[in-house]
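Trainee: I have a structure open in front of me and would like to learn how to read it. Could you walk me through some of its features?

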Amino acid sequence: MRTASRPMTEGSIPRHLLRYVIPAILGDLFQVTYNTVDSVIVGKYAGANALAAVGVASPLMSIAMFFIIGMGIGASVLMSEFYGAGDSRALRREFATTLAMSAAFSLAIALGLFALARPLLALCRTPEAIMGDTARYLRIVALGMIVTSLYNIFAAASRSIGDTLTPLVCLVAGSLANVGLDLLFVAKLSMGVAGAAYATVISQGISVALCAALLRRNEPMLFADRRDFAVDRALLRRTVRFSAPSALQQAGIYVGKLLVQAAVNPLGVSAIAAFNAVNRIDDYALIPERDIAGGETVLVAQNHGAGKPERMRRGFYVAMAYEVAYGLIVSAAVFALAGPLMRLFVAPEETEVIRLGARYLRLMGFFYFMPGITNGLQGYMRAMGKLKLTMYVTYAQMFTRAAFTFLLIGRLGLDAVPIACAAGWILMMVWEIGLMIKWRK
């Protein structure tokens, strides 16, 4: 496999962004699809209780996972700057420092989840009937968290130098292994939720091993001099300053989603089912907007390191054009196909679920371009090191969304959620555009 890394400090900006974004989108779409297949296997072969146990444990694991992913996002900004500046020694030291930091944080989180599994699940009001299975699943997956963190840092390092092909290959390999191991452990050996957890941890280990091997072969600059592969205390402090806000931002996004879910739950089974279905559609619809912003961050950060402000500005404008164009297209598509999309997720006789979900999607169809704009603005802000500001803005958006949902849901039902999303995104856009105008002056 040839190296897919390339400096974004020269050449066509639109072409650089497309080369970065397309593999990233394919990888994220594959992961969302794989997660759906994974749930089907557990539900079909281990039963409803096992599926419920995995579902209850997932939010806690997701908060921890998003925290680790956020650390990688913050560190990748620094790695992109060093790569753009041509400082391979600093790049290697940052890579090593980030690996050590991530391993330490993930170990602490894993031990905390292992020790506090039952109290945390009790706090989430987990039914006693599935408490044992849920705690077992949570503990096994938590102990494999250090493996997950290593993969995320390898992937972040790869993306920071413009290589999104290596993470895609590793993600596909690990996901296919997970499905195969699920079929072996859950379907054939009847290991239940423990089998699903072991399959997850082993498949993540496969992704890490493959990613390390490919990076070592294809991106030798990251490993060229072992003397540089050491923890740098000054870089560690700087990395923590970059990574902590990004990690808290990613974890906060999921906390906000949990608050909205709590507001929807009293509406009844049909509303909950419709909300879960439209959340899956949201996942698919919003992936490209996030990945365009990720490519923008890498491009702008590399050119920031190279001292090329004109390419930074052009990169921002091209990324924003992509974001707006995609946002308008997906808004129109979701509005027009709301009914058929809902029928993909539920049986035709579930008319109330389809009605509620289609109405939700038609409302959301007016607003999908908004997160494209906010993602584009945040992509530039992250590249410029304004990670605390992106955290503050995101928290304001999520809690505005949750507050409007709780205020309106009694009168509007499920319609309150897309309206609340729009309120949060409008706040976010106004705040971020104001900041951009201020910096430009």
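Mentor: Happily; we will go through helix packing, a single helix, the nonpolar cores and one loop residue. Keep in mind that this is a predicted model.

Trainee: Let's begin with packing. How do α2 and α6 pack, and at what angle?

Mentor: Two packed helices are described by the angle between their axes and by the distance between those axes. Here, helix α2 (residues 48-84) and helix α6 (residues 145-160) meet at an angle of about 30°, and their axes are 8 Å apart. Angles under 35 degrees count as roughly parallel, so α2 and α6 are roughly parallel to each other. The crossing of α2 past α6 is right-handed. Residues making this contact include M61, M65 and I68 of α2, along with T148, N152 and A156 of α6.

Trainee: And which way does α3 run relative to α6, roughly parallel or roughly antiparallel?

Mentor: The axes of helix α3 (residues 88-115) and α6 come within 8 Å and cross at roughly 150°. Therefore α3 is roughly antiparallel to α6. This crossing is right-handed. Among the contact residues are F95, L99 and S102 of α3, with I146, L150 and F154 on the α6 side.

Trainee: What can I learn from one helix, say α11, and which of its residues are buried?

Mentor: An α-helix has 3.6 residues a turn, so residues three or four places apart point the same way. Look for that spacing in the buried residues of α11, which include M312, G315, F316, A319, M320 and E323. Helix α11 (residues 309-336) has 28 residues and spans 41 Å from its first C-alpha to its last, close to the 40 Å expected.

Trainee: How many residues are in the largest nonpolar core?

Mentor: That core has 75 residues, and F95, M342 and L361 have the most contacts inside it. Helix α10 (residues 269-305) gives the largest share, ten residues. Another core, of 26 residues, lies apart from it, and V54, L60, L138 and A194 are among its members. As for L361, its contacts beyond four places in sequence include V278, I281, M342 and Y368.

Trainee: One last feature: what is the phi of S190?

Mentor: Most residues other than glycine have a negative phi. S190 has a positive phi of about 55° although it is not a glycine. You will find S190 in the loop between α7 (165-188) and α8 (192-218).

Trainee: Is S190 buried or exposed?

Mentor: Exposed means over 50% relative accessible area, and S190 has 59% relative accessibility, so S190 counts as exposed.

Definitions and conventions: Residues are numbered from 1 along each chain as its sequence is written. This is a predicted model: local features need pLDDT of at least 70, side-chain atom pairs count only at pLDDT 80 or more; totals for chains, interfaces and linings use all residues. Side-chain values use heavy atoms; hydrogens and water are left out. A nonpolar core is a set of buried Ala, Val, Leu, Ile, Met, Phe, Trp, Tyr and Cys residues joined through side-chain atoms within 4.5 Å. Buried means under 20% relative accessible area, exposed over 50%, partly exposed in between (1.4 Å probe, protein chains only). Helices (H or I, at least four residues) and strands (E, at least two) are DSSP runs, numbered from the N terminus. Contact means heavy atoms within 4.5 Å. The expected span of a helix is 1.5 Å times one less than its number of residues. Axes are lines fitted to C-alpha atoms, for helices over the stretch in contact, and angles run from 0 to 180 degrees between N-to-C directions. Angles under 35 degrees count as roughly parallel, over 145 as roughly antiparallel, 65 to 115 as roughly perpendicular and the rest as oblique. A crossing is left-handed if the near helix is turned anticlockwise from the far one by less than a right angle, and right-handed if clockwise.
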